[in-house]
Amino acid sequence: ALQCLALESYGDTDLPDLSILAQLKVVVFESDDLDAFVRSLEQYATDNADLQVHIISDNTDALLSLSQPLHSRIVRFGWGYLDYTGDQVPLLCSQFRSLTSLSIVGIAVTNVVPLFTALSQLHQLVHLGLWVNFWDDKELPPPAHRSLAQLNSLRALELSLTITSHSEVQWLNLPVRMPHLQTIY
């Protein structure tokens, strides 16, 4: 009868056999070591189309090793904020299109356009955390060259900005880029 399960695994604890993944509807797994969990997903969850997987970790390599059939099961990934370049955010967006929540740091202005292009592939994304740094950029690209994709499914935005003027916030043009946004934190 169990449908939802949350697990936390740290240190030298061996992860038990997770054959239960074949019948769950939701699993939340938190750990710094995803290897055993990924093996259990591959072994037991491939045929469970109803499973939604929330992974709280910073191990993007283990996540990227998942087979294609399991990509659509991952709806949340991250441990706080992912680093834009170090955690291969565009690759994660292209492979895990069922993500509903994502938080990203280390975004220079020069990466904003490719980031929004990558995020636009996530048609179920409802929560986004962004930490954009305008501080190091001497001048903003002109408005004609900031063809940011729209994030139509987005409802909640956690926004952290390092800015020197309000024009930098205006440059993002949030009302146009996130037309259905309901909450900004």
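**Exercise 1. Classify N173 in this predicted model: is N173 buried, partly exposed or exposed?**

Step 1. Take the relative accessible area of N173, which is 23%.
Step 2. Apply the cut-offs: buried means under 20%, exposed means over 50%, and partly exposed lies in between.
Step 3. N173 is therefore partly exposed.
Step 4. Locate N173: the residue sits in the loop between helix 6 (166–172) and helix 7 (174–177).
Step 5. Check the backbone. Phi of N173 is near 55°, a positive value in a residue other than glycine. Most residues other than glycine have a negative phi.

**Exercise 2. Find where S153 lies, and decide whether S153 is buried or exposed.**

Step 1. Place S153 in the loop between strand 7 (127–133) and strand 8 (156–162).
Step 2. Read the relative accessibility of S153: 16%.
Step 3. The cut-off for buried is under 20%, so S153 counts as buried.
Step 4. Look at the side chain. A polar atom of the S153 side chain lies 3.4 Å from the backbone oxygen of H123.

**Exercise 3. Which residues form the negative surface patch, and where is D32?**

Step 1. List the patch members: D32, D33, D35 and D58.
Step 2. Place D32 in the loop between strand 2 (26–31) and helix 1 (35–45).
Step 3. Take the relative accessible area of D32, 43%.
Step 4. Patch residues need over 30%. With 43%, D32 is partly exposed.

**Exercise 4. Describe A45 and its spatial relation to A22.**

Step 1. Assign A45 to helix 1.
Step 2. Read its relative accessible area, 0%. A45 is therefore buried.
Step 3. Compare sequence with space. A45 and A22 are 23 residues apart in sequence, and their C-alpha atoms are 4.9 Å apart.

**Exercise 5. Do the same for D83 and W131.**

Step 1. Put D83 in strand 5 (residues 82–83).
Step 2. Use the relative accessibility of D83, 31%, which means that D83 counts as partly exposed.
Step 3. Take the separation along the chain: D83 and W131 are 48 residues apart. Their C-alpha atoms are separated by 9.6 Å.

**Exercise 6. How many helices and strands does the protein chain have, and what are its overall dimensions?**

Step 1. Count the elements: seven helices and nine strands.
Step 2. Take the extent of the C-alpha trace along its principal axes, about 55 × 30 × 25 Å.
Step 3. Add burial for the whole chain: 42% of the 185 residues count as buried.

Terms used. Residues are numbered from 1 along each chain as its sequence is written. This is a predicted model: local features need pLDDT of at least 70, side-chain atom pairs count only at pLDDT 80 or more; totals for chains, interfaces and linings use all residues. Side-chain values use heavy atoms; hydrogens and water are left out. Patches are made of residues with over 30% relative accessible area and no salt bridge: like charges are joined within 9 Å, nonpolar side chains (Val, Leu, Ile, Met, Phe, Trp, Tyr) within 5 Å. Accessible areas come from the Shrake-Rupley method with a 1.4 Å probe; for residues, only the protein chains shown count as cover. A salt bridge is a side-chain nitrogen of Lys or Arg within 4 Å of a carboxyl oxygen of Asp or Glu. Lys and Arg count as positive and Asp and Glu as negative; His and the chain ends are not counted. The place of a charge is taken as NZ of Lys, CZ of Arg, CG of Asp or CD of Glu. Helices (H or I, at least four residues) and strands (E, at least two) are DSSP runs, numbered from the N terminus. Buried means under 20% relative accessible area, exposed over 50%, partly exposed in between (1.4 Å probe, protein chains only). A polar contact is a pair of N or O atoms within 3.5 Å; within protein, one must be able to donate a hydrogen and the other to accept it, and residues adjacent in sequence count only if both atoms are side-chain atoms.
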